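This report covers a ligand site, a sheet and a set of charged pairs. Please keep the sequence and the structure in view while reading.

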Amino acid sequence: MDQFFSVQDVDNLEEIVAEALALKANPYAYKELGKNKMLGLVFLNPSLRTRLSTQKAAINLGMEVMVMNMDKDGWALETRDGVVMNGTTVEHIREAAAVMGSYCDILGIRSFPGLKDRDEDYSEDLFKKFRKYAAVPVISLETGTRHPLQSLTDLITISEHTALTSGEIEDHLTSIPGKPKVVLTWAPHIKPLPQAVPNSFAEWMSRAQAEGLVDFTITHPKGYELDPQFTQGAYITHQQDEALKGADFVYVKNWSSYSDYGKILTDGEGWMPTNAKLGLTNDAMIMHCLPVRRDLELASEVLDGPNSLVIQEAGNRLWAAQAVLKRMLESLKRKG
Ligand code: CP
């Protein structure tokens, strides 16, 4: 593996989930693999979970880690080609990425979308250029359109409560028999948020559905349709109550409009999941990538309740990152 950007970078979902769960059971089994290898994490935006879990994953594998807060400590970055840099930008991505690639064996980058120009955000120009000029394996730490470490984590978390990984892991928690019904529901927010997390969750769950692992439903108000490239095969409804009926997992997330790009179209009254709403489900477990705005996006009674998986889910970020880093280190080792 020399890139982790989308679900397409994973050949077999069940294998990588099993690998992550094996690492969870035995975190230091590969502590020699990353010896004398350097991971560089580049953040153009804030982060708690991605920053800490990816560092810990690297340390578990014996790697050293450097973190660059590009937004605060770096030079203002130019990504356009052919421009005279006589404005506010100071360093071109061609040099910045190449230099960081010369210091590191693997790089990760987080870059949120501007939510102003859809074509620009969805072109993933920054990630592609970073990857090209860094010339080392690159992990997306969330970009304009996707958050693959989060989505792999979400699949791992769902699998811990189902039989997705064929019961190969000894301490596997198997409580839901058969194929679980997974529902992604839009929830209210006061700020326009990117579509990266729901796009990515939809992309991974659509693939899981195509492989017979889950049944996948998406619910949101009119106008919040995601880019169809991410939702192939999903059942999509504007009726949240209909979607929640019989759900085993409810994934809660706000996003801004894709069609009216970056806009908030409704205050979303009635869309915040509460215990009453979850009464419609099959005693569903509740997921959210965090951070979450309590009692705006998700009711405190749900977050603090027995069906909330949010802390377990955030903890699993470590094993997703470790599985991806392990695969990249093994590729580097094969190449010598
Ligand atoms: N879920 C997630 O990516 O969290 P952070 O933004 O804190 O990294």
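In this structure, a nitrogen atom of the ligand is 3.1 Å from an N or O atom in the side chain of glutamine 150. The model is a predicted one.

**Ligand site**

Two further side chains approach ligand oxygen atoms. For serine 47, the distance from a side-chain N or O atom to an oxygen atom of the ligand is 2.7 Å. For histidine 147, the corresponding distance to a ligand oxygen is 2.8 Å. The residues surrounding the ligand are Ser47, Leu48, Arg49, Thr50, Arg110, His147, Gln150, Cys289, Leu290 and Arg317. Arg110 belongs to this set and also forms a salt bridge with glutamate 142.

**Salt bridges**

Side chains of opposite charge can pair when their charged atoms come close. The structure holds 16 salt bridges. The table lists three of them.

| Pair | Closest N to O distance |
|---|---|
| Arginine 110 and glutamate 142 | 3.5 Å |
| Lysine 179 and aspartate 215 | 3.8 Å |
| Aspartate 241 and lysine 277 | 3.6 Å |

Take the pair of arginine 110 and glutamate 142, with its closest N and O atoms 3.5 Å apart. Arginine 110 sits in strand S6 (residues 106–110), and glutamate 142 sits in the loop between strand S7 (138–140) and helix H7 (148–159), so the salt bridge ties together parts that are 32 residues apart in sequence. Are the two partners buried or exposed? Arginine 110 counts as buried because its relative accessibility is 6%. Glutamate 142 has 8% relative accessibility, so this residue counts as buried too.

Next come lysine 179 and aspartate 215, whose closest N and O atoms are 3.8 Å apart. Lysine 179 is in the loop between H7 and S8, while aspartate 215 is in strand S9, so this pair ties together parts 36 residues apart in sequence. Lysine 179 is partly exposed at 43% relative accessibility. Aspartate 215 is partly exposed as well, with a relative accessible area of 36%.

The side chains of aspartate 241 and lysine 277 meet at 3.6 Å, N to O. This pair links distant parts of the chain: aspartate 241 lies in helix H9 (residues 240–244) and lysine 277 in helix H10 (residues 275–278), 36 residues apart. Aspartate 241 is partly exposed at 39% relative accessibility. Lysine 277, at 16%, counts as buried. Elsewhere, salt bridges with shared partners join Glu19, Lys326, Arg327 and Glu330 into one network.

**The sheet**

Strands of a sheet pair through backbone hydrogen bonds, either parallel or antiparallel. Which order do the strands take here? The 5 strands of this open sheet run S10-S9-S8-S11-S12, with parallel pairing. Strand S10 (235–237) and strand S12 (285–287) are at the edges; each has a single partner strand, so one side of each has no neighbour in the sheet. On average, neighbouring strands are turned by 20° against each other, direction ignored.

Strand S8 (residues 181–186) and strand S9 (residues 215–219) run parallel and are joined by 5 bridges. One bridge partner can be named: valine 183 is matched by threonine 217 in S9. Strand S9 also holds aspartate 215, the partner of lysine 179 in the salt bridge described above.

Helix H8 (residues 196–210) lies across S8, S9 and strand S11 (249–253). The helix runs at about 150° to S9.

Notes: Residues numbered from 1 in each chain as written. Predicted model: local features only at pLDDT ≥ 70, side-chain atom pairs only at ≥ 80, totals over all residues. Heavy atoms only, no water. Pairing = 2+ DSSP bridges. Helix = DSSP H or I, 4+ residues; strand = E, 2+ residues; numbered from the N terminus. Axes fitted to C-alpha atoms, helices over the stretch in contact; angles between N-to-C directions. Contact = heavy atoms within 4.5 Å. Salt bridge = Lys/Arg side-chain N within 4 Å of Asp/Glu carboxyl O. Buried < 20%, exposed > 50% of the residue type's maximum accessible area, 1.4 Å probe, protein only. Near = heavy atom within 4 Å. Polar contact = N/O pair within 3.5 Å; in protein donor to acceptor, adjacent residues only side chain to side chain.
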